Amino acid sequence: MHPIAEKYLRKSALPMIFCPGCGHGTVLNAFLRAVDDLGIIDDLSLVGGIGCSSWAPVFVNTDVLHTLHGRALAVATGLKLAQPRRHVVVFTGDGDCIGIGGNHFMHAARRNIDLTVILLDNNIYGMTGGQVSPSTPMQATTQTSPHGNPDPPMDASTVAIACGATYVARWTSAHPLGIKKAVKQAITHKGFSLVHTLSQCPTQAGRYIHGTPRADDLLEYYKAKAVTRKKARKLAEDELSERIVIGTLHQSDQRPELCESIAAMHTSLKG
Amino acid sequence: MKTEEVIIVQGNEACVRGTLAAGCRFFAGYPITPASEIAELMSLRLPKVQGTFMQMEDEIASISAIIGATWGGLKSCTATSGPGFSLMQEGIGYAVVTETPCVIINVMRGGPSTGQPTLSAQQDVMQAKHGSHGDYEIIALCPSSVQECFELTVKAFNLAEKFRVPVTILSDEIVGHTREKLIVPAEVDVRERQHPKGPPDQYLPYAADSSGLLDGMPTFGQGYNLLIDGQLHYEDGNRAGHDPIASGKLMKRLCRKITRHAEELVDVDCAYLDDAETVVLAYGSVARSALSATKMARAAGLKVGFIKLKIIWPFPDEFIKDAIKNAHTIIVPEMNIGRIVHEMERLTHDGQQIRSASKLGGNIHTPQEILAEIKN
């Protein structure tokens with residue numbers, strides 16, 4: 001077994017449930033390398049919701065809460081407030097985070113609580129067989145949009161920034177080094193951090209939306225669509241709307257972090 | 001050195017004092033009539049003892065946050081009423097399956113739906129048992145006075161720790177908002193969180209003893225590498241939903257760990273039962289009118305006994321069956337359509353008559369009304 005896998009995986013949970021060619025494995029790989037670089041495995045708690053995304057933490061040999069659909073951020077909030085010195089990383093998906101979990105996502109960002117959220121966005125509900133999600137493009141054909149999706153998509157990064165997140169980065173599974181770098185920045189950052197990763201689902205989104213079941217085709221698609229912020233500034237609006245802007249989208253240290261605010265309250269009330 | 005305190009407070013405040021006395025250091029809740037005072041008082045008092053109060057964005061977030069905080073090592077609690085209790089059901093089920101100790105206070109009000117926000121009811125008694133999907137068992141305690149709000153809340157935390165289960169306090173608007181004397185003892189019997197005895201590398205989070213109970217309650221960050229999952233699981237926490245044998249085994253243990261301790265959990269007050277021909281059985285605020293009615297009946301020479309349930313679930317079957325065995329009539333006054341009366345029907349024999357004295361609308365039974373039912 002690869003040394004990273006040997007050191008960090010929960011062997012009793014294997015084999016992984018991800019389909020062959022799923023991007024989530026790449027994101028998990030990048031995450032574990034980031035954890036390794038930072039040396040934080042003994043101070044790390046992981047939380048997942050429900051969905052393919054949310055299975056990632058299960059395969060990591062640390063303290064893990066595999067919670068309810070959409071509720072990972074609320075559970076993680078309680079966990080973080082009880083143990084503010086531990087790093088808490090949440091794995092979630094487009095349905096889990098901005099569908100059912102949308103309310104908790106908004107408020108966790110608003111609170112700027114020191115959590116790192118890794119959002120594995122494959123534009124579909126994969127675990128249940130390929131239904132439309134809040135990030136599925138319009139006109140896309142899915143299991144619940146057989147006549148084409150009439151419902152416009154939402155961008156999680158935009159919502160996170162609007163609600164008060166203080167570190168937001170977007171990458172794709174075709175950019176594993178970018179993901180690793182962003183995860184390290186996100187975990188190190190004191191505040192609500194979002195690493196929004198587009199991650200290919202060859203089985204559902206690939207077949208229904210992109211017309212290919214091949215992971216390599218989908219990775220090429222991501223590489224072609226991705227554009228850095230610098231290059232994006234030179235693009236016309238209609239061209240930009242077709243692209244995926246990658247890199248650090250937002251970073252701020254101007255907002256108070258929730259655990260610190262509560263700690264300050266405790267200090268002022270002591271004695 | 002703490003001394004006994006005698007104060008006059010409302011039931012909701014007594015619950016708060018019980019929560020703090022039991023060592024709760026995390027509360028997450030959402031405003032809702034008639035429970036909001038609990039959140040307000042927690043927001044004031046918890047930080048003063050270095051505890052954390054969070055008003056979450058909704059009740060689903062509240063039950064979720066208290067579960068997270070529990071695994072982070074804190075005793076945790078939330079408070080709500082009917083509509084919020086409904087929202088919390090999925091989370092309660094998660095706490096059941098993951099065996100997460102926590103306390104949920106439901107200050108019952110008229111339902112269903114928005115119902116009667118400011119009037120009392122006892123309509124959630126069955127929801128406390130069956131509100132979440134799937135088969136499971138929980139513990140639900142029912143205070144009828146300010147003193148019991150304090151004592152049963154402390155007890156709820158202790159039971160949650162021992163049985164690794166969410167415990168519901170079924171209060172109601174009348175009990176919650178009535179102001180009366182509370183004796184806060186100098187010392188309170190608190191069951192501290194017990195760490196697992198075995199070494200972390202051999203620890204199986206869901207390996208139970210012969211009575212179905214687990215080895216302590218671990219906390220994240222102690223080297224256990226816990227996998228806590230809402231899917232039915234093996235003893236090591238890994239998923240077993242696809243495995244009928246393992247799944248059936250876990251479900252049975254989760255249910256039996258409560259039902260097989262029903263006798264130990266009995267918490268029932270009885271009065272005047274020795275020669276009673278008629279028994280009035282009540283719980284919550286209605287028990288107060290029921291006791292008055294019983295005393296009035298006795299003063300009039302009627303052989304009436306009184307039973308007050310302080311635990312509703314698991315229902316104290318054997319105790320009640322024995323307590324009523326010599327009575328020929330059992331009257332169950334409730335502020336709902338008649339729920340616990342059907343539990344009683346299970347426990348009575350052929351010679352006994354069970355009568356529901358159900359009262360809907362939000363007015364509590366008067367002692368006279370119950371007396372009229374007794375004399376009927």
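Two strands count as paired here if DSSP finds at least two bridges between them. Strands (E, at least two residues) and helices (H or I, at least four) are DSSP runs, numbered from the N terminus. What you are looking at is a predicted model, in which local features need pLDDT of at least 70, side-chain atom pairs count only at pLDDT 80 or more, and totals for chains, interfaces and linings use all residues. Residues are numbered from 1 along each chain as its sequence is written, with chains lettered from A and ligands numbered from 1 in the order in which they are written.

**View 1. Nine strands form an open sheet with mixed pairing.**
Follow the order β7(A)-β8(A)-β5(A)-β6(A)-β4(A)-β3(A)-β1(A)-β2(A)-β10(B). The edge strands are β7 (226-228) of chain A and β10 of chain B, each pairing on one side only. From one strand to the next, the twist averages 20° (angles run from 0 to 180 degrees between N-to-C directions, and axes are lines fitted to C-alpha atoms, for helices over the stretch in contact). Inside chain A, β1 (residues 44-48) and β3 (residues 87-93) run parallel and are joined by five bridges. Look for A:G48, which stands opposite A:F91 in β3(A). Helix α2 (residues 24-38) of chain A lies across β1, β4 (116-121) and β6 (193-198) of chain A, at about 160° to β4(A).

**View 2. Here chain B meets chain A.**
The contact involves 36 residues of chain B and 31 residues of chain A (two residues are in contact if their C-beta atoms, placed from the backbone, lie within 7 Å). On the chain B side, the elements giving two or more residues are β2 (24-29), β3 (52-55), α3 (59-71), α5 (89-98) and β10 (227-229). Which element gives the largest share of that side? That is α3(B), with nine residues. By type, this side of chain B has 19 nonpolar, 11 polar and six charged residues; Ala, Val, Leu, Ile, Met, Phe, Trp, Tyr, Cys and Pro count as nonpolar, Asp, Glu, Lys and Arg as charged, and the others, Gly among them, as polar. Strand β2 (residues 63-66) of chain A pairs with β10(B) in the parallel sense, over three bridges. In β10(B), B:D229 is the residue opposite A:H66.

**View 3. Helices α3 and α5 of chain A pack against each other.**
Two packed helices are described by the angle between their axes and the distance between the axes. For α3 (residues 72-82) and α5 (residues 102-111) of chain A, the angle is about 40° and the axes are 8 Å apart. A:L73, A:A74 and A:T77 of α3(A) meet A:H104, A:F105 and A:A108 of α5(A). These contact residues divide into four nonpolar, two polar and no charged.

**View 4. A second view of strands shows an open sheet of five, in chain B.**
The order is β11-β13-β12-β15-β16, with mixed pairing. At the edges sit β11 (268-271) and β16 (353-358) of chain B, each pairing on one side only. Strands β12 (residues 278-283) and β15 (residues 329-334) of chain B run parallel, with three bridges between them. B:V280 has B:I331 of β15(B) opposite. Helix α11 (residues 286-299) of chain B packs on the sheet, touching β11, β12, β13 (304-309) and β15 of chain B.

**View 5. Chain B has two assigned domains that touch.**
The assignment gives domain 1 (5-184) and domain 2 (270-375) of chain B; such bounds come from an automatic or database domain assignment. Taken over C-alpha atoms, the domain centres are 26 Å apart. Domain 1 of chain B puts 24 residues into the contact and domain 2 of chain B puts in 20.

**View 6. Zoom in on a buried helix, α1 of chain B.**
A residue is buried if 20 or more other C-beta atoms lie within 10 Å of its own, exposed if 12 or fewer, and partly exposed in between, with C-beta atoms placed from the backbone. In α1 (residues 11-21) of chain B, 11 of the 11 residues are buried, so this helix is largely enclosed by the rest of the structure. Just after α1(B), B:G23 has a positive phi of about 95°.

**View 7. A:L177 sits in helix α7 (residues 176-188) of chain A.**
Is A:L177 buried or exposed? A:L177 is exposed, with 10 other C-beta atoms within 10 Å.
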